Amino acid sequence: MVNVLTGFSVVTLIIALGFAVGRSKVLGPNAVYTLNMFVFWIALPATLIKFMSETDIAQLFGVNLAVVALSTLGAGLLGFVGYRYIAHRSTPDSLIAMLACSYCNGSNLGIPLAAHLLKDPTLTLPVILFQVGFYGPMTVMLLDMQTGTKARAHFIRDIILTIIRNPLILGAGAGIGISLLQHNTQWRVPGIVAEPVGIIADATVGCALIAFGMSMAEVRVLQRGRSPRRSVWAASFVKAVVHPLIALAIGYFLFDASTQLLLTIAVVAALPTGQNVFTYAQRFNVNKVLARDTAVVSTALSLPVMAALVLLLT
């Protein structure tokens, strides 16, 4: 219990430090963007290469991936139905609400948290692969159909290119290739390559959490008259609380998962709403405030929920 509380205290303190740095603007006006780009394009791929090369690939694409897919679709369906038929909003708005209730921040926040709290950043890879490879593109195509975006063929081509150029997908692919080589041959990564990759990977947690805290200092949420507050709280509750409960139920009743695996899938499902949801909302000019505010509010809810899950399942 002490280790769990210490782990979450460390995460909270680093985010708080980032918040203070963001408020003071000591790193300059574009520091959040620069730090996030370093994490996304350099540090996270290095982390995936480092840990994927030492991981049993079969464990990543078994029960973990199945639970990720089923629980994400379940939480998303709940969000869509609630927003469409209870709040009586449009289908495009409801698709963004669906993502707000189910699309995890699996990279910028998920990988550092998994590395620090679960000691294995690759545990978030199934959710990244599912969201980047299927869930995100599927929803984007539905939004495209609903909003009547022009040049659809080019748009779909751009989606495919975005997936295959994603540095996380490339890093995971490189890590998988190295893992297969090392498990099936006598070849090992030379130290002159492995050491700099490891040094860069070690920067991921600190930089990502600092950047996340700084980004929180720049956002004003739940503004009166501008934010759909009840919908934001409802979507945040589904994302931070209901989604992990769905994942736990699926893992326990359908797959008879071990306690350790249940912990993994529950913590991953409890990750807050990803920033990509706001990107999609902005791209189609629908429900932008809900997407932005849910990302922030669900983050505030998710940390204590994850702490409770770790305490209950360890």
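This text walks through helix packing, two buried small residues and the aromatic rings of one structure. The model is a predicted one.

Start with two helices that run side by side. Two packed helices are described by the angle between their axes and the distance between the axes. Helix H2 covers residues 31-52. Its partner is helix H9, residues 167-184. The axes of H2 and H9 are 8 Å apart, and the angle between them is about 25 degrees. That angle makes H2 roughly parallel to H9, because angles under 35 degrees count as roughly parallel. The crossing of H2 and H9 is right-handed. Many residues make this contact. From H2 they include Phe 40, Trp 41, Leu 44 and Met 52. From H9 they include Pro 167, Leu 168, Ala 172 and Ser 179.

Now zoom in on one residue of H9. Gly 171 lies in this helix, and Gly 171 is part of the contact with H2. Is Gly 171 buried or exposed? Its relative accessible area is 3%. Gly 171 is therefore buried, since buried means under 20%. Which residues does Gly 171 touch, leaving aside those up to four places away in sequence? They are Pro 45, Leu 48 and Ile 49. These three residues also appear on the H2 side of the helix contact. Take Ile 49. Along the sequence, Gly 171 and Ile 49 are 122 residues apart. In space, their C-alpha atoms are 5.5 Å apart.

Ala 114 offers another case. This residue sits in helix H6, residues 110-118. Ala 114 is buried too, with a relative accessible area of 4%. Again leaving aside residues up to four places away in sequence, Ala 114 touches Lys 119, Asp 120, Pro 121 and Thr 124. Gly 76 is 38 residues from Ala 114 along the chain. The C-alpha atoms of Ala 114 and Gly 76 are separated by 23 Å.

Back to helix pairs. Helix H4 spans residues 63-86, and helix H13 spans residues 259-269. Their axes come within 10 Å and cross at roughly 40 degrees. H4 and H13 are therefore oblique to each other. Their crossing is right-handed. Where do they meet? On H4, the residues are Val 63, Asn 64 and Val 67. On H13, they are Leu 261, Thr 264 and Ile 265.

Next come the rings. A pair of aromatic rings is described by the distance of the centres and the angle of the planes. How many aromatic pairs does a search of the whole structure find? The search finds six. One of them joins Phe 130 and Phe 134. Their centres are 5.6 Å apart, the planes differ by 40 degrees, and the pair is tilted. Both residues belong to helix H7, residues 125-147. Phe 130 and Phe 134 are four residues apart, so about one helical turn separates them. Phe 130 is buried, at 10% relative accessible area. Phe 134 is partly exposed, at 41%.

Another pair is edge-to-face. The ring centres of Tyr 252 and Phe 253 are 5.0 Å apart. Their planes stand at 90 degrees, so the pair is edge-to-face. Phe 253 counts as exposed, at 66% relative accessibility.

Ring pairs also build a cluster. They link Phe 130 and Phe 134 with Tyr 103, Tyr 135 and Tyr 280.

One last ring has a different partner. Arg 84 lies over the face of Tyr 85, at 5.6 Å from the ring centre.

Methods. Residues numbered from 1 in each chain as written. Predicted model: local features only at pLDDT ≥ 70, side-chain atom pairs only at ≥ 80, totals over all residues. Heavy atoms only, no water. Helix = DSSP H or I, 4+ residues; strand = E, 2+ residues; numbered from the N terminus. Buried < 20%, exposed > 50% of the residue type's maximum accessible area, 1.4 Å probe, protein only. Contact = heavy atoms within 4.5 Å. Phe/Tyr/Trp six-rings, centres within 6.5 Å; stacked < 30°, edge-to-face > 60°. Lys NZ or Arg CZ within 6 Å of the ring centre and 35° of its normal. Axes fitted to C-alpha atoms, helices over the stretch in contact; angles between N-to-C directions. Parallel < 35°, antiparallel > 145°, perpendicular 65-115°, else oblique. Left-handed = near helix turned anticlockwise from the far one by under 90°.
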